[in-house]
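Trainee: Could you take me through a close look at one part of this model, residue by residue, and then place that part within the whole chain?

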Amino acid sequence: MAGTGESPLNRAEQFIWLTARVLEQRRFAHHFLKGSADAVETALAAYLNEDGGYGHALEPDLRGPVSQPLHTAHALSVLDSIGRCDGLRVERICRFLTDVSTKEGALPALLPSQRGYPAAPFIPIVDDPPAELLATGPVVGLLHRNAVWHAWLFRATDFCWAAVDALQVSHPYEIEAAVAFLDGAPDRSRAEAAADRLGRLVRDQRLAVLDPEQRAEYPVAAGYAPGEQHFPYDYARAPESLARRWFTDAEMDLSLDHLAAGQEADGGWPVTWRQWAPGTALEGRPLVTLRALRTLRAHGRGLG
């Protein structure tokens, strides 16, 4: 039986066992309790569809069984986190990505097949969805970082470069997607130059709360929930990220202090985006909690 100590990790463990889906329980066990990667992959397989994509509310804000790019990107991030982003499993995913890409060879955020199933009201369903950096950037960056070769990556990579180069006014989630692409892009000198420019954009447009005690002075992006702001750790999830260069050590430490202090009495971290249904909020908190724990550990913060 798990311990009942009051360390942040023990408190989070109790929260995970109490509230999380099997997948997040298995992921927690793998990352923090020496659990097996096989168990994580087995749990993830429950969300896999015959078309090679993932559905079944793997991304909690999209309900229903149909495969979607956002679900599939989520699945890739899970595989990456357990060192399984290779082989036939990724070949199958890349075939799905090829099948659902737009004429630009990139990914829309949401396919019209979602129509008829519940979905967050802030993710619009349209008949001919455009390609988006938000959906494509993290997938392309992750595949490059894992040295995956597939024909889908050629045009998708070109799309991401063009989208990143065109960014003039943005919002935090789009910047996160750009960073995810740049952190894996093979052309490292170009990625560093692009990241430097985006770092200036983030600071000029005040897209990162640099002083948590003054967060009321920072804007909330259009369409975001009240208080749905981003901090340095949201962009630089690990010290090796190019986004880490955007912030001073003091700014990074302040943000990590804020993240650590965000753990709630039940051991979990809160969801900051708009909550539109009870079940999605319940499923979202373990995901946020895992991300907080992994971010704190990556930056050398002790979890007890």
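Mentor: Relative accessible area sorts residues into three classes: buried means under 20%, exposed over 50%, and partly exposed in between, with a 1.4 Å probe and protein chains only. The model is a predicted one, in which local features need pLDDT of at least 70 and side-chain atom pairs count only at pLDDT 80 or more, whereas totals for chains, interfaces and linings use all residues. Residues are numbered from 1 along each chain as its sequence is written, and side-chain values use heavy atoms, with hydrogens and water left out.

Let us begin with H56. This residue belongs to the loop between α3 and α4 (69-81), and it counts as partly exposed because its relative accessibility is 34%. The backbone deserves attention as well, since phi of H56 is near 60 degrees, a positive value in a residue other than glycine. Most residues other than glycine have a negative phi.

The helix on one side of that loop, α3, covers residues 37-45 and includes A37; helices here are DSSP runs of H or I of at least four residues, strands are runs of E of at least two, and both are numbered from the N terminus. A37 is classed as buried because its relative accessible area is 13%. Leaving aside residues up to four places away in sequence, A37 touches H30, I82 and R84, where contact means heavy atoms within 4.5 Å. A37 and S81 are separated by 44 residues in sequence, yet their C-alpha atoms are 9.2 Å apart.

A147 offers a comparison with H56. Phi of A147 is near 55 degrees, again a positive value in a residue other than glycine, and A147 lies in the loop between α6 (133-145) and α7 (152-166). A147 counts as exposed, because its relative accessibility is 67%.

Turning to the whole chain, the protein has twelve helices and zero strands. Its radius of gyration is 19 Å, close to the 19 Å from the globule rule for 304 residues, so the chain is as compact as a globular protein of that length; the radius is taken over C-alpha atoms, and the rule is 2.2 Å times the number of residues to the power 0.38. The C-alpha trace spans about 50 × 45 × 35 Å along its principal axes. Of the 304 residues, 52% count as buried. Among contacts between residues at least 6 apart in sequence, 60% join residues at least 24 apart.
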